[in-house]
Amino acid sequence: MEKTWSIMDLKEYFKRIGFTGLYDKADLPTLCTIHKLHVMTVPFENLSIHCGERITMDLKVIYKKIVLDHRGGWCCENNLLFSWVLREMGYKFTTLGARVFNTLKNDFNPMDSHLINLIEIDGKPYIADVSFGVSCQIWQPLEMIAGKDQPQPPGVFRLLNDGDRWTLEKTGRKPLIQNEAFATCSLIDKRLKKTIYSFLLTPRGADHFLNTIEYLQTSCESLFTQKSICSLQTSTGFRALIGWTYSEVTFNPQEDTDIMDLRDIPDSEIETVLKERFKVTLHKKLTPINNKAGYKI
């Protein structure tokens, strides 16, 4: 391993997300700040799959990719890195596995394909998740209080509890499509209430996800092999590039709408869009893909 990145440095991570505050206390305000900065600066993306790279659970490889190479990653990369940040900052946390809700099957996927972190501060538990992407991305940690409405800019999030299992859902707003050509686009989710994922409070190590990430990046039945995805939260909403379809979404809670501006990008402009809109530069050629799969923005 190269000497330039063999040592993981918390200050380099802070530099990557633009955090300049004090971090002498593992408190809630600091956690909320770094959580929001992460989702605003580090994209949720699976582009490695579509440019000939392997996705790994090796924390040092993930650190180099996200912190030093200024890439993004999917949940197992971003949230595993975030768990390292939590540990370095002195937070008490537990890594959990979640089952994502499949809109095509109208049921939860059978495997823990999503990694999240449970954090305890002053005896109160919170869920941190810096890598779900698009309209269901939480900007700040959620209190683990069953049934409580927790408004954030993307919508109203809610954790439900049924015995040992917790479920995250969100009530959103009506999509307002700016380009009529995309009025029936399969990427647009017109449901106001969305079930996102469910989880148990069973602690999970990185090894728990190894078989899952192998399946997700190789199987033709995996959403992630069928769509190239890059999304990033912005101060007013989020932007996403799914295959060749680029979207700028502006949250408009005053009128209970999300203003959605979608357009298709030619191959010749994909690299520029990634660099200018997501600050992502790939070292290998990307092959965009947008096959049918149960994925909505």
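**Figure 1. Helix 1 meets helix 3 through E12, Y13 and R16 on one side and Y63, I66, V67 and L68 on the other.** The model shown here and in the other views is predicted. Helix 1 covers residues 10-17. The axes of helix 1 and helix 3 lie 9 Å apart, at an angle of about 40°. That angle makes helix 1 oblique to helix 3. Five nonpolar and two charged residues form the contact of helix 1 with helix 3, with no polar ones.

**Figure 2. Helix 3 and helix 4 cross at roughly 100°.** Helix 3 runs over residues 59-68 and helix 4 over residues 75-89. Their axes come within 10 Å. The crossing angle makes helix 3 roughly perpendicular to helix 4. Helix 3 makes the contact with L59, I62, Y63, K65, I66 and V67. Helix 4 answers with C76, E77, N78, L80, L81, W84 and R87. Nine of the residues in the contact of helix 3 with helix 4 are nonpolar, one is polar and three are charged.

**Figure 3. R71 and E53 form a salt bridge.** The closest N and O atoms of the pair are 3.1 Å apart. R71 sits in the loop between helix 3 and helix 4. E53 sits in the loop between strand 1 (44-45) and helix 3. The pair links distant parts of the chain, 18 residues apart. A search of the whole structure finds 15 salt bridges.

**Figure 4. The largest pocket holds about 870 Å³ of space.** It is lined by 40 residues. Closest to the centre of the largest pocket are V100, F101, N109, L223 and G294. Several elements each supply at least two lining residues: helix 4, strand 2 (92-102), strand 11 (193-199), helix 5 (210-218) and helix 6 (223-226). By class, the lining of the largest pocket has 22 nonpolar, eleven polar and seven charged residues.

**Figure 5. The second largest pocket holds about 280 Å³ of space.** Its lining is made of 13 residues. I270, E271, K284, K285 and L286 are the closest to its centre. The lining of the second largest pocket divides into six nonpolar, two polar and five charged residues.

**Figure 6. The largest cavity encloses about 110 Å³.** The structure holds two cavities of 30 Å³ or more. In the largest cavity, 14 residues form the lining. S135, R173, D189, K194 and D258 lie nearest its centre. Strand 10 (174-177) and strand 15 (257-264) are the elements that give two or more residues to this lining. Seven charged residues line the largest cavity, along with five nonpolar and two polar ones.

**Figure 7. The second largest cavity has a volume of about 50 Å³.** V39, V42, P43, F44, V130, G133, Q137, S231, L232 and Q233 form its lining. Strand 12 (residues 229-234) gives the largest share of this lining, three residues. Six residues lining the second largest cavity are nonpolar and four are polar. No charged residue lines the second largest cavity.

How values were computed: Residues are numbered from 1 along each chain as its sequence is written. This is a predicted model: local features need pLDDT of at least 70, side-chain atom pairs count only at pLDDT 80 or more; totals for chains, interfaces and linings use all residues. Side-chain values use heavy atoms; hydrogens and water are left out. Axes are lines fitted to C-alpha atoms, for helices over the stretch in contact, and angles run from 0 to 180 degrees between N-to-C directions. Helices (H or I, at least four residues) and strands (E, at least two) are DSSP runs, numbered from the N terminus. Angles under 35 degrees count as roughly parallel, over 145 as roughly antiparallel, 65 to 115 as roughly perpendicular and the rest as oblique. Contact means heavy atoms within 4.5 Å. Ala, Val, Leu, Ile, Met, Phe, Trp, Tyr, Cys and Pro count as nonpolar, Asp, Glu, Lys and Arg as charged, and the others, Gly among them, as polar. On a 1 Å grid over the protein atoms alone, a cavity is a set of points where a 1.4 Å probe fits but cannot get out, and a pocket is an open set with protein on both sides within 12 Å along at least five of seven lines; lining residues have an atom within 4 Å of a point. Grid points are joined across faces, edges and corners, and a volume is the space filled by probe spheres set on the points. A salt bridge is a side-chain nitrogen of Lys or Arg within 4 Å of a carboxyl oxygen of Asp or Glu.
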